[in-house]
Amino acid sequence: MITSTDAISQDTLKPAQPVEADGAPATNADEQNTRPPAHRTIDLAGEHPSALFTKRVPIGFARAKSVLGLATEQGPLRIAMAEPGDRQTRDVLRRWLGGALEVFAADPKQLGVAINHAYGQQTGAAQEFVENLDRDAVIDQVNQLEGREDLLNVSDRSPVIKLVNLVLFEAVQQEASDVHIQPYEDQLVVRMRIDGVLFDTFNLPIGVLDEVVSRIKVMGKMNIAEKRLPQDGRATVQVGDRVIDLRVSTVPASHGERVVIRLLDKSARLYTLNELGMEQNSLARFKQLIGVEHGLILVTGPTGSGKSTTLYAALGEINSTQRNIITLEDPIEYQLDGISQIQISDKKGMTFAGGLRSVLRQDPDIVMIGEIRDHETAVLAIQAALTGHLVFSTLHTNDAASAVTRLLDLGIEPYLVSSSLVGVLAQRLVRRVCAECGQPYTPKPQELQSLHYAPSAEVRSRFRKGAGCEACRGTGYHGRVGCFELLTVDDETRLLIHERETASAINNAAIRAGMHSLCDDGLAKVELGTTTLDEVMRVSMRSGF
């Protein structure tokens, strides 16, 4: 459905007039020569785009002429135009669409939004192109395109450029976080990570490997002649009005270069703390922690567990004009209003440690460090926390208690850790049961036994599982939600840190103090029908809790 924040109200609709097939009013010759033709105005809210139009008319033309075809059950194809009197454009459309047209006037702003939305619904185009790909049609030369590449504009491109654009476009449509291009002996497999799980999307002929990799390297401003060493690159592309950042990595493998592209939607909205899926007691305690004046707060978990999303939500919660907030990130994932964000670049000499030294001379109230990677960064973060700053950062650990021992392993003295650390939030992401095909199910006894879980019959009646449908690509899951465990540093925990106790001892003390483990939080979401035991088990096995 076409939607727009700039939709024309019903009060602006003009009275309908009789029209000819091309939309011009039916008047006699004298009247038509004395005044310009009038056209009915159409409100695009509630209208659907024409599949024939988006297939035959390039998006560049549609944007330049501000024109869009609308779904028509019978009769001439309806065309919405900002300038309906442009006969030249109408003649071009008749040739492309091969039939009579019924032209309506439409608001230009509303048309711009509708055009992006219409061409953004072309999912499946990449698969269709791949199935019809002819190796002989793939040209060797890959031209570097100027400026920001728009993935919707795939007409008049060489087959390789068109193929790469369509693959990336398909990934954006499927909300994939990563695209893997993996060569085998006789085929080139494209895989996409959707909701944290890799799926084989489609196969390419192995003969196009060099051209595809070269095109991606050109987009990422990488050396296309170097095939023996790993390379990293970055690019920015556009899908309609959405801006997507790409982080490209290539490595040489036995059958050719392997490529992984991470996609970051810069136009995606930021989540609030209330939307992350945190249990109410943990949410209230976490909000108290981020409200303190100074100290170190850590968010832990593996890559792709949503740490940055949580940090952004926390900063958004406490952001105000009375506070100077500065972040050090690699990369800057989202733009935050009112917050100064600094891009880390090791190649240019801007490290987390070096950047933090400079930031502390900027009179910050709150500092967010993308990751504590080494002893120097850890020392500076703790010193900042001890000198009146609130510091947020991340670590890669399996659980909250392990963050303490990780800091000790980095060479930080126990008394510094216990004095500066306020709390640690560990998290994982589990897939949500699809809202379209979710239905009650009875878990198998071995599923419950593997998690040492014995729910009552009433609780088991609330379990849900997706049957698989088009909305969830047959997986039974759509979207993800966080599982959290929050360790607050109290007097007992400080004493254990001073004594260099193990992570297990610190974890047991935190549970006695009321902390819910990651597994417990996951099971609570199973009982609500949000996720499944399989998902909790999958994440549990990976994290080792």
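This is a short talk on one helix, one sheet and the nonpolar cores of a predicted model.

Some housekeeping. The model is predicted, so local features need pLDDT of at least 70 and side-chain atom pairs count only at pLDDT 80 or more, while totals for chains, interfaces and linings use all residues. Residues are numbered from 1 along each chain as its sequence is written, and side-chain values use heavy atoms, with hydrogens and water left out.

I start with helix H5, residues 108–119; helices (H or I, at least four residues) and strands (E, at least two) are DSSP runs, numbered from the N terminus. Asp107 caps its N-terminal end, with a side-chain oxygen 3.2 Å from the backbone nitrogen of Lys109. Buried residues of H5, meaning those under 20% relative accessible area with a 1.4 Å probe and protein chains only, include Leu111, Ala114, Ile115 and Tyr119. The buried residues of H5 pack against helices H2, H3 and H7 and strands E1 and E2, where contact means heavy atoms within 4.5 Å.

Next, the sheet. Seven strands form an open, mixed sheet in the order E13-E12-E14-E15-E11-E16-E19; two strands pair if DSSP finds at least two bridges between them. The edge strands are E13 (340–343) and E19 (477–488). Within the sheet, E14 and E15 run parallel, joined by three bridges, and Met368 has Phe392 in E15 as its bridge partner.

Last, the cores: sets of buried Ala, Val, Leu, Ile, Met, Phe, Trp, Tyr and Cys residues joined through side-chain atoms within 4.5 Å. The largest has 46 residues, and Val417 is one of the five that touch the most other members. Beyond four places in sequence, Val417 contacts residues including Ile382, Leu407 and Ile497.

Conventions. Buried < 20%, exposed > 50% of the residue type's maximum accessible area, 1.4 Å probe, protein only. Expected span 1.5 Å × (residues − 1). Polar contact = N/O pair within 3.5 Å; in protein donor to acceptor, adjacent residues only side chain to side chain.
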